[in-house]
Amino acid sequence: MAESGSLEELEQMYLDLIQPNKLIQHFPTDMEFVEWLNLGTADELQWCLKAFEQAELFSHCQLIKQQIDNRG
């Protein structure tokens with residue numbers, strides 16, 4: 001059985017990934033963020049855009065929108 005500390009760490013990592021302000025900290029450059037975006041589906045990008053708009057991370061919203069537009 002996993003130690004409670006490691007379970008708490010895993011939970012914190014998950015929570016970080018679903019919060020745009022925390023998520024962007026995992027990408028040192030915009031290019032790495034865009035590469036991550038390219039792993040998602042069109043629907044996932046739309047949800048991502050909404051989350052980043054709510055977090056008021058507008059420079060990242062622009063990158064997300066560009067990837068949506070690139071897919072046509």
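These legends walk through a few close-up views of a predicted model, centred on helix H5 and the residues around it.

Residues are numbered from 1 along each chain as its sequence is written. Because the model is predicted, local features need pLDDT of at least 70 and side-chain atom pairs count only at pLDDT 80 or more, while totals for chains, interfaces and linings use all residues; side-chain values use heavy atoms, leaving out hydrogens and water.

**View 1. Helix H5 from end to end.** Helix H5 covers residues 58-70, 13 residues in total. (Helices are DSSP runs of H or I with at least four residues, strands are runs of E with at least two, and both are numbered from the N terminus.) From first C-alpha to last, H5 reaches 18 Å, close to the 18 Å expected at 1.5 Å a residue; that expected span is 1.5 Å times one less than the number of residues. Just after the helix, Gly72 takes a positive phi of about 75 degrees.

**View 2. The two faces of H5.** Which residues of H5 are buried? They are His60, Cys61, Leu63, Ile64, Gln67 and Ile68. (Buried means under 20% relative accessible area, exposed over 50%, and partly exposed in between, with a 1.4 Å probe and protein chains only.) These residues lie on the same side of H5 because they cover an arc of only 160 degrees around the axis, taken from the directions from the helix axis to the C-beta atoms. An α-helix has 3.6 residues a turn, so residues three or four places apart point the same way. The buried residues pack against helix H3 (30-37) and helix H4 (42-54), whereas the face turned away carries the exposed residues Phe58, Ser59, Gln62 and Asn70.

**View 3. Two cysteines without a bond.** Zero disulfides turn up in a search of the whole structure, where a disulfide is a pair of cysteine sulfur atoms within 2.5 Å. Why is Cys48 not bonded to Cys61? Cys61 holds the closest cysteine sulfur, but at 8.3 Å it is too far for a bond. Cys48 counts as buried at 11% relative accessibility, and Cys61 counts as buried at 8%.

**View 4. Arg71 and its surroundings.** Arg71 sits in the segment after H5 and is partly exposed, with a relative accessible area of 38%. Leaving aside neighbours within four places in sequence, Arg71 is in contact (heavy atoms within 4.5 Å) with Leu37, Asn38, Gly40, Thr41, Ala42 and Leu45. Asn38 is 33 residues away along the chain, with 9.8 Å between the two C-alpha atoms. A polar atom of the Arg71 side chain lies 3.4 Å from the backbone oxygen of Asn38.

Definitions and conventions
A polar contact is a pair of N or O atoms within 3.5 Å; within protein, one must be able to donate a hydrogen and the other to accept it, and residues adjacent in sequence count only if both atoms are side-chain atoms.
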